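Student: Got a minute to go through this one with me? I'd like to poke at a few residues and then the overall fold.

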Amino acid sequence: SSGINAEYGESKRAYCNLQHILCSCKVALDQGRISFRHDSILGYIVKVIKERMLEAKSDDAQETFSDLRTIKFVKQGAKVKTMKKKKKKCSFWGSFSDWKVLDDSRTKQYQIPPSIASSSLRPDICLFSEQGKKVCFIELTSPAEENIQIWKLKKRQKYIDLVEEAKSNGFTAICRTIEVGARGFVSNSSLPLFSMLGFSPKKKNEIRRHMSKVAIRCSHFIWINRNNPAWCNPNRVF
């Protein structure tokens with residue numbers, strides 16, 4: 001036998017159960033097997049956030065153009081009909097055009113802009129607007145389902161000081177977490193983030209299903225390669 005199981009020898013083979021291999025094996029961590037699942041889910045989240053960011057810019061431009069088209073002239077003495085303005089579906093993005101998304105993975109790192117904070121910490125996603133003085137830090141975890149609550153609390157604690165520093169620099173700053181279990185469970189506490197970003201309920205359900213699917217596919221690949229000593233660093237699954 002070879003691979004992950006071989007690293008522990010026959011006497012400790014019993015410890016190499018599903019949860020251990022998918023989430024906590026040191027060999028798997030060092031080789032990047034567990035990062036493969038995390039970074040695959042992260043890649044998909046970054047993709048949909050960037051798409052939503054472009055939609056928000058487009059919606060803002062269309063709204064401005066629509067306001068110009070609805071200007072109507074009336075005869076002197078005639079009553080002016082007031083038109084109710086449509087409420088924006090999402091206030092998070094505002095009318096700022098400089099939104100940026102930075103993401104941190106095993107193969108790509110970033111530095112938080114010094115205008116936001118002077119910190120070596122790198123949440124998985126940094127979504128920010130310098131014009132709007134807004135920043136949203138997003139941290140993804142993909143642990144065993146049994147440990148989701150523990151990791152959620154750890155991650156929220158980790159970035160408290162970072163959020164406070166961003167606020168002291170004049171930014172409206174928040175930190176949100178996303179938890180996707182190794183076997184595909186997506187925590188309910190992950191979904192309010194997508195509501196805040198303006199995703200429709202239908203789109204949120206689609207995102208939830210897809211994150212679950214990516215986690216399951218990656219974990220399946222990790223499991224079937226548990227006896228393979230070589231890790232090929234496969235392309236991320238989106």
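Student: Let's jump right in: where is S212 placed?

Tutor: S212 sits in helix α7. Keep in mind that this is a predicted model.

Student: Is S212 buried or exposed?

Tutor: Buried: the relative accessibility of S212 is 17%.

Student: And which residues does S212 contact, leaving aside neighbours within four places in sequence?

Tutor: G184 and V186. With G184 there is a polar link as well: the S212 side chain comes to 2.6 Å from the backbone oxygen of G184.

Student: How far is S212 from I41, C-alpha to C-alpha?

Tutor: 8.6 Å, although 171 residues separate S212 and I41 along the chain.

Student: What about sequence-distant contacts over the chain as a whole: what share comes from residues 24 or more positions apart?

Tutor: 68%, counting the contacts with a separation of 6 or more.

Student: OK, zoom out then. How many helices and strands are there?

Tutor: Seven helices and four strands. Along the sequence the order is α-α-α-β-β-β-α-α-β-α-α.

Student: How much of the chain is buried?

Tutor: Of the 238 residues, 43% are buried. On the outside, the chain exposes about 14,000 Å², and carbon and sulfur atoms supply 53% of that.

Student: Change of topic: pockets. What volume does the second largest one have?

Tutor: The second largest pocket has about 580 Å³ of space. The elements giving two or more residues to its lining are α1 (18-24), α3 (33-69), β3 (134-141) and α4.

Student: Which element gives the largest share of that lining?

Tutor: That's α3, with four residues.

Student: And which residues lie nearest the centre of the second largest pocket?

Tutor: I34, H38, T141, W151 and K155, out of 25 lining residues.

Student: Tell me about K155, then. Where is K155 in the fold?

Tutor: K155 is in helix α4, which covers residues 148-158.

Student: A lysine in a pocket lining... is K155 buried or exposed?

Tutor: K155 counts as buried, because its relative accessibility is 16% and the cut-off for buried is under 20%.

Student: What does the K155 side chain make a polar contact with?

Tutor: The side chain of E139, at 3.1 Å. Setting aside residues up to four places away in sequence, K155 touches E139, T141 and T177.

Student: How far apart are K155 and T177?

Tutor: Their C-alpha atoms are 7.4 Å apart, and the two residues are 22 apart in sequence.

Student: Now cysteines. How many disulfides does the structure hold?

Tutor: Zero. Take C126: the nearest cysteine sulfur belongs to C136 and is 8.7 Å away. A disulfide needs the two sulfurs within 2.5 Å, so that pair doesn't qualify.

Student: And what's the relative accessible area of C126?

Tutor: 0%, so C126 is buried.

Student: Next, backbone angles. Which phi value does K133 have?

Tutor: Near 55 degrees, which is positive, in a residue other than glycine. Most residues other than glycine have a negative phi.

Student: Where is K133 found?

Tutor: In the loop between β2 (125-129) and β3. K133 is partly exposed, at 31% relative accessibility.

Student: What's phi for N233?

Tutor: Near 50 degrees, again positive in a residue other than glycine. N233 is found in the segment after α7, and N233 counts as exposed at 51% relative accessibility.

Student: One more asparagine: where is N225?

Tutor: N225 is placed in the segment after α7 (201-224). With a relative accessible area of 14%, N225 is buried.

Student: What does the N225 side chain reach?

Tutor: A polar atom of the N225 side chain lies 2.8 Å from the backbone oxygen of F221.

Student: And which residues does N225 touch, not counting those up to four places away in sequence?

Tutor: R33 and W231.

Definitions and conventions. Residues numbered from 1 in each chain as written. Predicted model: local features only at pLDDT ≥ 70, side-chain atom pairs only at ≥ 80, totals over all residues. Heavy atoms only, no water. Buried < 20%, exposed > 50% of the residue type's maximum accessible area, 1.4 Å probe, protein only. Contact = heavy atoms within 4.5 Å. Areas by Shrake-Rupley, 256 points an atom, 1.4 Å probe, with all protein chains shown as cover. Polar contact = N/O pair within 3.5 Å; in protein donor to acceptor, adjacent residues only side chain to side chain. 1 Å grid on protein atoms, 1.4 Å probe; cavity = no way out; pocket = protein on both sides within 12 Å on 5 of 7 lines; lining within 4 Å. Points joined across faces, edges and corners; volume = space filled by probe spheres on them.
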